[in-house]
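Reader: I am in my first year of study and would like to look closely at one part of this model. Could you please explain how its helices pack against their surroundings?

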Amino acid sequence: MSVKKPEIGVMAIVEQHANPFPWIAKLGIKTAQVTDWLMEELTPENAAAVKRQMAENGVSIAAYWAGYTGEIIWDNYDGPLTCGIVPRDQRERRVKELKLGADFAKMLNAPAIITHCGFIPETPRDPLYKETVDAISEVAGYCHDLGLGFWFESGQETPVTLLRTIEDIGLPNLGVNLDTANLILYGRGNPVDALDVIGPYVRNLHVKDGLFPSGGRSLGKEVPFGQGKANFPEIVRKLRALEFSGVFAIEREITGEQQIRDIKAAKEELERLIEYYY
């Protein structure tokens, strides 16, 4: 069966009026996930400016990655207490902020928002699990009313917990942004096997590579494409079998010229894999 080839995109940070789209276009990339974690910048004026910059450079929007305020510790020890809308002391404010992000996504004509919901409890009878599901339902329902998808950034929970959460919420606009490194970095599994569980819900990917944690408190190490434990040929092959036709958004969490070189190298290898499997 013929399947539309996925597009290759990239993450685009537009905080403090940054304009990353000229260098994105220079790499021959025509779509991007956009993110801005500064709540005060989520205004109609800034949305119009971002849309203008994207149009000038021939870049479309793949999704909007919605952030929130407050301390976040990206590890396996304090992360469960600080990430997403799982922590009770952060939840009410962050639910409001994610709705603000949804409003901004609508202004950008994005198809969906993406976010880390946090370390969703593995035990479904845990009261914190139900509270988290209710909070996600509130945000996802708000997105549904706006005509937006709500896509989970994967990796801080196991694939089966993510699947259970999607099933328990039951809204039609739910999906997954599969980060190919996060499952490895957090020690939650690997992206190849995860596709057996959550594959039908994958809408976009963060193309990223990494190594498993070497200790129980910290995360693993992000590394350039092809130098970690993510098996990209098998990921692309399985996505083709799932008839995936979304966006491979390359994410390299460093800055400077090396980041651009790594993104370019990942793009070239992805092009080869997509051509082979699609």
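Author: Helix α6 (residues 159-169) packs with helix α8 (residues 191-198) at an angle of about 25°, and their axes lie 9 Å apart. α6 is therefore roughly parallel to α8, a term for angles under 35 degrees, while those over 145 count as roughly antiparallel, 65 to 115 as roughly perpendicular and the rest as oblique. Here, axes are lines fitted to C-alpha atoms, for helices over the stretch in contact, and angles run from 0 to 180 degrees between N-to-C directions. Helices (H or I, at least four residues) and strands (E, at least two) are DSSP runs, numbered from the N terminus.

The crossing of α6 and α8 is right-handed; that is, the near helix is turned clockwise from the far one by less than a right angle, whereas anticlockwise would be left-handed. On the α6 side, Pro-159, Val-160, Leu-162 and Leu-163 meet Ala-194, Val-197 and Ile-198 of α8, where contact means heavy atoms within 4.5 Å. The residues of this contact comprise seven nonpolar, no polar and no charged. In this division Ala, Val, Leu, Ile, Met, Phe, Trp, Tyr, Cys and Pro count as nonpolar, Asp, Glu, Lys and Arg as charged, and the others, Gly among them, as polar.

The model is predicted: local features need pLDDT of at least 70, side-chain atom pairs count only at pLDDT 80 or more, and totals for chains, interfaces and linings use all residues. Residues are numbered from 1 along each chain as its sequence is written, and side-chain values use heavy atoms, with hydrogens and water left out.

α6 also takes part in the surroundings of helix α5 (residues 127-145): the elements covering the buried residues of α5 include α4 (88-107), β4 (112-115), β5 (149-153), α6 and β6 (174-179). Among those buried residues are Leu-128, Tyr-129, Ile-136 and Cys-143; buried means under 20% relative accessible area, exposed over 50%, and partly exposed in between (1.4 Å probe, protein chains only).

A further pair may be set beside the one above. The axes of helix α9 (residues 232-241) and helix α10 (residues 257-277) come within 10 Å and cross at roughly 40°, so α9 and α10 are oblique to each other. Their crossing is right-handed. Phe-232, Pro-233, Val-236, Arg-237 and Arg-240 of α9 form the contact with Leu-273, Ile-274 and Tyr-277 of α10. Its residues divide into six nonpolar, no polar and two charged.
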